[in-house]
Amino acid sequence: DRLVREEDVDGLAGRPLHLPAYVPIDMLQIPHRVDTFEHALTAIRFCDKLCTLISVQKHTIKNTAFLVVALIEHTFVHVVPVPRPAASGDYGECVWAQPLRYALQLDILILLQRITEHFAANAFALQPTRALDGVKLVVSAAIACVADAVLRKRATDIPSEAALALMGGDGRAGFCLSSGHFDTQSETIEAHTAELNVTRTAVLDYFAQFSEHTPILSWELGNRPDSNTAEFWARVCEPVAFPQHDLAAYLDGSEWLVLKNYPELECYRDISFYFKLYQNTDTEMFPGVAEWSQMHAQLSYQPGYIVSGFQMQLSCKPRPPRTFTHRFPSTATPSFHTHPIPVETEDDVLHIRNLPDFDKVMGQQDSELLISYLTVPYMRIPLVFSFFSTEDRVHSLRSKKLQSIFDSVLFEPGQYLPMGMNREPKMVPAEDPRLLATPYGLLLNEMYRSPGVVFESALRLLNLALSLDTGDVHSSTSPVILYVVRLCARIDNYASFLVQHTNGEHETIASPLRDVDVSEAVLDELERGLAALRKVLRGPVHAMLEAWSGVLHAQCVDSEEETTIERNTQVICALNAHALLIFRNVRMAELTPDLATAILCAYVFMTTRHTWNMNLLEDVAETSVFETLEVLRRKLVLYTRMLPQVALDSMMEAVVRVTTGTGARLQDDALLRRW
């Protein structure tokens, strides 16, 4: 009776919260390949629409930030091609070579501005990693290239004075968007997929064509007026009699005439700002990790070139005394390990008294040999691969420092080779260091020139790692095994891309690769090496990962301690992440019920059990899991639609068993429900 309240309490209730009904999201609305302008426009339009649909349904959709970032990455790295240079021989085949009406020109730029805001809001909502940093750099650059190519057109109906000023003409040079420090910043990203490297090169090729143009919107110089951009504003104002007494004010909108009458320039300005912001090496200029929305990413400008977003002031230039270096310095640079003693040649290494021992796993002789290999970037991949793929050195890969070196050696693109410079050096050392650069990164260069050494070393290293398996994921050798599995899965990424592209079978990218000529002999070597690598990855390696998961699951069943269950569940999630990396390059024709079930079990288990955005996946970038899902989604959906009902039921029951912990993936189905 004491708890009974006889007075009316209805007035104490808050306002009801009316959540909208869930609207399904069909990612397959994005075309799987773009061959025409209409397809490109469809991809961009649906990308924007799907990003919005995901973002407004956070109450029903998990991991929205990962989904949006992966969707935009897939759209602008895999699907929508970067515009080709106008002087290239195949420019006529570029989807962006088509003439446009002004309304469509403006429409595309507005879409790109919104996508840029979606990408920023969700990328800054994720924990920063080296892999994500590379994605932010390349994706923003690709969007900037598309925006520049679209604006740089004389509309077929009513040309925009802004577009005409950008293009130049009548004896006056045109203007171009400054690429900032993109070329040097992107040298040290870790590109775990060949597609990211191909997009990077396409961006650099696009900007290289404007070497004679005047660069504008140079945000990397700081938030201040620059004379080139002021000249561009003057060129826009001249034919329409806009006042030119305060040209700098047109950029921040305090003088409103230009942005009011040419809204495409507002879009162009914001896209260029984010393109440069990701190049800033001062991470304190980035917003902290939080649940940001598109509105937080919308930039606002105040007089004095004050740019705000994410509830803070933003700048694309590091604050003094910081300068533009690298946000993630290359650990494949020998001087990184011998600081403060600089090392450029092998002779410099010989004169160092004490070399690093890399967490006490390497002696002085091996350390000297390894650092010597790092002094020759063009040749370092086969040398370092052969170095680690021996019985006495494979154990040293338990060192995080050595893992970082190996990753940098393999997956950093290195210096960019400009168009027209693909010729052999005539002198040693080379008369021009750029002659030792590569168009698509060092690993892809090695793959299409001499893949045999890479595959031979990778297979030897993988088999050595498998021999270290004790059946216990908690053993001291398991970090070595998992690292080698990740490394070989990424080698698979590059080899798969090259084989599929050469055969004209790549699912999204069809444009030719410049300066890449894969002979029949090399293609045969690639196919044989790739088949041998996949046989081990998808056979013994995957079986080992499932066996480890089975042992961990059994321990969870037998234990009542929450700490044991939580620890084992997190390790199982990490093992499933490795399994997904292994199967990233499965083609539609290769899918079987068993393979599709393995992929779905791994992903659904992680979706329901993993604590996301905490970097807990044993050195697997969480964004790479969602990138893999984007690559596999269409194939899995189409494949499951073709399955007989009984096979589909069996597959889904296996997913339920694994996810709920009530059984193994491979076991007889006692009861099949209809799915």
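**Note on the predicted model**

1. Helix α20, residues 478–502, and helix α21, residues 520–558, approach each other with their axes within 9 Å and cross at roughly 145 degrees. The handedness of this α20–α21 crossing is left-handed. The residues of the contact comprise 18 nonpolar, four polar and four charged. The model is a predicted one, and the remarks below should be read accordingly.

2. The next point concerns the cavities. Nine cavities of 30 Å³ or more are present in the structure. The largest cavity encloses about 220 Å³ of space. Its lining consists of 18 residues, and those lying nearest the centre are Ala-131, His-192, Thr-193, Ser-624 and Glu-627.

3. Three helices deserve mention in connection with the lining of the largest cavity: α4 (130–151), α20 and α24 (622–642) each contribute at least two residues to it. Helix α20 thus appears both in this lining and in the crossing with α21. By class, the lining of the largest cavity divides into six nonpolar, six polar and six charged residues.

4. On the cysteines, the count of disulfides comes to zero. For Cys-51, the closest cysteine sulfur is that of Cys-47, at 4.2 Å, which is too far for a bond; the cut-off applied to a pair of cysteine sulfur atoms is 2.5 Å. Cys-51 is buried, and its relative accessible area is 0%.

5. Cys-556 likewise takes part in no disulfide, and the nearest cysteine sulfur, that of Cys-573, is 10 Å away. Cys-556 has a relative accessible area of 13% and is buried, since burial is assigned under 20%.

6. Two cis peptide bonds may be checked in the model. One joins Pro-320 and Pro-321, with omega about 5 degrees. Pro-321 is placed in the loop between β5 (312–314) and α13 (334–338). Another cis bond runs from His-339 to Pro-340, where omega is near 10 degrees. Pro-340 belongs to the loop between α13 and α14 (346–350). As background, most peptide bonds are trans.

7. Backbone phi values call for a comment on two residues. Leu-217, a residue other than glycine, has a positive phi near 50 degrees. Leu-217 sits in the loop between β2 (214–216) and α8 (227–237). With a relative accessibility of 6%, Leu-217 counts as buried.

8. Gln-311 is not a glycine either, yet its phi is positive, at about 60 degrees. The loop that holds Gln-311 runs between β4 (306–309) and β5. Gln-311 has 68% relative accessibility and counts as exposed, the threshold for that class being over 50%. The two residues therefore fall into opposite classes: Leu-217 is buried, whereas Gln-311 is exposed.

9. Finally, a contact across the sequence may be noted. Leu-111 lies in helix α3, residues 102–123, and is buried, with a relative accessible area of 2%. Although 63 residues separate Leu-111 from Asp-48 in sequence, their C-alpha atoms are 6.5 Å apart in space.

How values were computed:
Residues numbered from 1 in each chain as written. Predicted model: local features only at pLDDT ≥ 70, side-chain atom pairs only at ≥ 80, totals over all residues. Heavy atoms only, no water. Axes fitted to C-alpha atoms, helices over the stretch in contact; angles between N-to-C directions. Helix = DSSP H or I, 4+ residues; strand = E, 2+ residues; numbered from the N terminus. Left-handed = near helix turned anticlockwise from the far one by under 90°. Nonpolar A, V, L, I, M, F, W, Y, C, P; charged D, E, K, R; others polar. Buried < 20%, exposed > 50% of the residue type's maximum accessible area, 1.4 Å probe, protein only. 1 Å grid on protein atoms, 1.4 Å probe; cavity = no way out; pocket = protein on both sides within 12 Å on 5 of 7 lines; lining within 4 Å. Points joined across faces, edges and corners; volume = space filled by probe spheres on them.
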